[in-house]
Amino acid sequence: MRAIIARAVLERAEQPGRLGAFTLRRAQRGTVDRIRAALSEFGGALLADAPGTGKTVVALAVASAYPEALVVVPATLRAQWSAAAARAQVALHLVSFEMLSRGDTLIQAPLVIVDEAHHVRTTTTRRYAAVARACVGAHVLLLSATPVVNRRADRDALLALFLGTRATSLSRGDASRIIVRRTPE
């Protein structure tokens, strides 16, 4: 009986689909793997999933492999991210775009996550400059359901946060590994 109980406890502890109180769906686990591969190869990734596909949970799963992460979000999403991070048992530093627009500075972290990343597509803004400084030397995960709002230059500005000038000359193959898209399950 002890062996059966021990095996059950070990199997539960080793479930790769668990993240605190969350259970990642198979497609989400695949997305986490694709993002980790892009982070390793390119230093960043753009998760361009449709609303409702669990981008926040996927980002938290990626962040769980880092000692700390900086997350930049619209002020209206801070409470949502804070609650999700607590449920996932992942420690984060949360900062809003609005704080960056006022000139607040960011901590340096090995992983920078930018939710609603299309808010930093304009390279001449204070918030873009602040996020760009935070991304130097870090892995970068951008989240956006609408990465290209009006033009391809929007996408290139986002990818430049981790690719630099290479963002404007990506091959289709490289772009398909950097830009991760799924459809709702």
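**Exercise 1.** In this predicted model, work out how helix 3 and helix 4 are oriented to each other.

*Solution.* Start with the axes: those of helix 3 (residues 55-63) and helix 4 (residues 78-88) come within 10 Å and cross at roughly 50 degrees. Next, hold that angle against the cut-offs: under 35 degrees would be roughly parallel, and 65 to 115 roughly perpendicular. Neither label fits 50 degrees, so helix 3 and helix 4 are oblique to each other. As for handedness, their crossing is right-handed.

**Exercise 2.** Which residues make the contact between helix 3 and helix 4, and how do they divide into nonpolar, polar and charged?

*Solution.* Go through one helix at a time. Helix 3 brings T56, A59 and L60. Helix 4 brings Q80, W81, A84, A85 and A88. Now sort them: you get 6 nonpolar, 2 polar and no charged residues. T56 and Q80 are the polar pair here, since Thr and Gln fall outside the nonpolar and charged lists.

**Exercise 3.** Do the same for helix 6 and helix 7: where do the two meet, and what sort of residues are involved?

*Solution.* First the geometry: the axes of helix 6 (residues 126-135) and helix 7 (residues 152-163) come within 9 Å, crossing at roughly 35 degrees. Then the residues: from helix 6, Y128, V131, A132 and C135 meet A157, A160 and L161 of helix 7. Sorting them gives 7 nonpolar, no polar and no charged.

**Exercise 4.** Hunt for aromatic pairs, then find what sits over the ring of F22.

*Solution.* The pair search is quick: across the whole structure it turns up 0 aromatic pairs. For F22, look to R87, whose charged end sits over the ring, 4.3 Å from its centre.

Terms used. Residues are numbered from 1 along each chain as its sequence is written. This is a predicted model: local features need pLDDT of at least 70, side-chain atom pairs count only at pLDDT 80 or more; totals for chains, interfaces and linings use all residues. Side-chain values use heavy atoms; hydrogens and water are left out. Rings of Phe, Tyr and Trp (its six-membered ring) pair if their centres lie within 6.5 Å; planes under 30 degrees apart count as stacked, over 60 as edge-to-face and the rest as tilted. A charge sits over a ring if NZ of Lys or CZ of Arg is within 6 Å of the ring centre and within 35 degrees of the ring normal. Axes are lines fitted to C-alpha atoms, for helices over the stretch in contact, and angles run from 0 to 180 degrees between N-to-C directions. Helices (H or I, at least four residues) and strands (E, at least two) are DSSP runs, numbered from the N terminus. Angles under 35 degrees count as roughly parallel, over 145 as roughly antiparallel, 65 to 115 as roughly perpendicular and the rest as oblique. A crossing is left-handed if the near helix is turned anticlockwise from the far one by less than a right angle, and right-handed if clockwise. Contact means heavy atoms within 4.5 Å.
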